[in-house]
Amino acid sequence: MSRTLIIGAGGVAGVVIHKCCQNPEVFPDICIASRTKSKCDAFKAKLDGGRTAITTAQVDADNVDALVALIRAYKPDLVMNIALPYQDLTIMEACLATRTHYLDTANYEPPETAKFEYKWQWAYRKKFEEAGIMALLGCGFDPGVTGVFSAYAQKHYFDEIHRLDILDCNGGDHGYPFATNFNPEINIREVTAKGSYWENGEWVETEPMAIKREYDFDGVGRKDMYLLHHEELESLALNLKGIKRIRFFMTFGQSYLTHLKCLENVGMTSIEPIDFQGQKIVPLQFLKALLPDPASLGPRTKGKTNIGCIFEGVKDGKPVCYYVYNICDHQECFREIGSQAISYTTGVPAMIGGMMMLTGKWMKPGVFNVEEFDPDPFMAALNRWGLPWKESFKPTLVG
Ligand SMILES: NC(=O)c1ccc[n+]([C@@H]2O[C@H](COP(=O)([O-])OP(=O)(O)OC[C@H]3O[C@@H](n4cnc5c(N)ncnc54)[C@H](OP(=O)(O)O)[C@@H]3O)[C@@H](O)[C@H]2O)c1
């Protein structure tokens, strides 16, 4: 009987917890641990009484000793890190000390530098392998499902994939002039950074939001989208053999961009601490305190997301084009489990990744990205657990 420790009690963790409770055969026993224990207790109060036994705990996930003590006390088979990227390394250290499997949804970035990269976590490969434990990195939607889609395309439809465009469209409207759909600090650090894409073996860097395209998304309609750097580009550039170009585009509405530019211009998105009335504050953290909690957007958000991958390459010497994507409805997610679609599309794949590990379908010692495993059971689970996918062999290309 497996035991799973879920760290974090925010928007995405809420989905993971609900989905684990819908899947008691794989998750008969979970412990929810976070910085604020009352948030963990609120989930327990809502979901207790089913076939998944739930306990809760307080933990500071920046503190390796505290994590080790919690893991020794609860004895989980798997730790799911659904807190923030800042905690990836401390939780991995604690997993190593206790020989416990690990999963997360976002790669490490140091709090003081807005730069995420896999190098810090990939450095644990040998240690995890020697300890006989597995770490599954970036198992949300993007990264996560986008890597599974890539492995699926590679396995079934291509001899070589030459070009990949990842398109992340949120056609949802929460009615606020400005809010972010997941943790505001992490989100704003991501979208204000320079863009980049992989071409012919090199990174090409762009100014933030400098490359814009329009795309007509199934289920959503026409949207402006902008090229961003995104973490799965780094692992897919290594793991897709023969790849020549990978780009990532995300849609943004005009109101979001106008507010963001204004906040940037006055210094509110800066992560450099400033002196304010005798104390140091980080402007972006202050802004986070003012913005709506993403977990509270569920009841107000209408519309759909459409996230997917367009591949171009060759099979048996002939050119092939393949688009695979999921459409997710914000209000349906809310009706099902009380969350908006951004948390839902991240939390469901995290639960599925945990399921792949606990059932032994994806299990080997070391540190891995999702595209390194057989995509078929994961693809089947997406259809079963709320994120069905569609495919097209004649998609419109981005250009
Ligand atoms: N791959 C993808 O597709 C994707 C998409 C979206 C988000 N994500 C990732 O998903 C993760 C969660 O995002 P979210 O929107 O759910 O964030 P969130 O709502 O801010 O929740 C984060 C949770 O982590 C807890 N936490 C933060 N620091 C902690 C610490 N030191 N010790 C213990 N708990 C701590 C917070 O505690 P408090 O409640 O006390 O603040 C909160 O409950 C992030 O890593 C984000 O990057 C991935």
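This passage walks through the domains, the core and some of the helix packing of a predicted model.

We can begin with the overall layout. The domain assignment divides the protein chain into domain 1 (3-137) and domain 2 (145-338). Taken over C-alpha atoms, the centres of domain 1 and domain 2 are separated by 24 Å. The two domains also touch: 13 residues of domain 1 are in contact with 12 residues of domain 2.

The nonpolar interior comes next. In soluble globular proteins, nonpolar side chains tend to be buried together. Here, the largest nonpolar core has 104 residues, and those with the most contacts inside it are Ile6, Ile7, Val16, Ile32, Ala135 and Leu136. Helix 13 (residues 341-358) supplies the largest share of this core, 10 residues. Domain 1 and domain 2 both give residues to the core, so it lies between them. Ile7 offers a good view of such a residue. Leaving aside neighbours within four places in sequence, Ile7 is in contact with Ala33, Ser34, Val59, Ala61, Val79, Met80, Asn81, Ile82, Ala83 and Ile91.

One of these partners, Ile91, leads to helix 4 (residues 88-98), where the buried residues are Asp88, Thr90, Ile91, Met92, Ala94 and Cys95. Several elements pack against the buried residues of this helix: strand 1 (3-7), helix 3 (64-74), strand 4 (78-81), strand 5 (101-104), helix 5 (119-122) and strand 6 (134-137). Just after helix 4 comes Arg99, which has a positive phi, near 55°.

In domain 2 (145-338), a useful residue to look at is Leu167, found in strand 7 (residues 160-170). Leu167 has 25 C-beta neighbours inside 10 Å, and a residue needs 20 or more to be called buried, so Leu167 counts as buried. Once residues up to four places away in sequence are set aside, Leu167 touches Tyr215, Met225, Phe249, Ile307, Gly308 and Ile310. Folding also brings parts of the chain together here: Leu167 and Pro395 are 228 residues apart along the chain, yet 12 Å separates their C-alpha atoms.

Two pairs of helices can then be set side by side. For helix 7 (residues 145-156) and helix 9 (residues 231-239), the axes come within 10 Å and cross at roughly 25°. This angle makes helix 7 roughly parallel to helix 9. On the helix 7 side the contact is made by Thr146, Gly147 and Ser150, and on the helix 9 side by Glu232, Ser235 and Leu236. The crossing of helix 7 and helix 9 is right-handed.

The second pair joins helix 13, already met in the core, to helix 14 (residues 376-384). Helix 13 and helix 14 pack at an angle of about 135°, and their axes are 10 Å apart. Helix 13 is therefore oblique to helix 14. Ile352, Met355 and Met356 of helix 13 make the contact with Pro377, Phe378, Ala381 and Leu382 of helix 14. Helix 13 passes helix 14 in a right-handed crossing.

Finally, helix 8 (residues 184-192) has Pro184, Glu185, Ile188, Arg189 and Glu190 as its buried residues. These buried residues pack against helix 11 (283-290).

Technical notes
Residues numbered from 1 in each chain as written. Predicted model: local features only at pLDDT ≥ 70, side-chain atom pairs only at ≥ 80, totals over all residues. Buried ≥ 20, exposed ≤ 12 C-beta atoms within 10 Å, placed from the backbone. Helix = DSSP H or I, 4+ residues; strand = E, 2+ residues; numbered from the N terminus. Contact = placed C-beta atoms within 7 Å. Core = buried A, V, L, I, M, F, W, Y, C linked by C-beta atoms within 7 Å. Domains from an automatic or database assignment. Axes fitted to C-alpha atoms, helices over the stretch in contact; angles between N-to-C directions. Parallel < 35°, antiparallel > 145°, perpendicular 65-115°, else oblique. Left-handed = near helix turned anticlockwise from the far one by under 90°.
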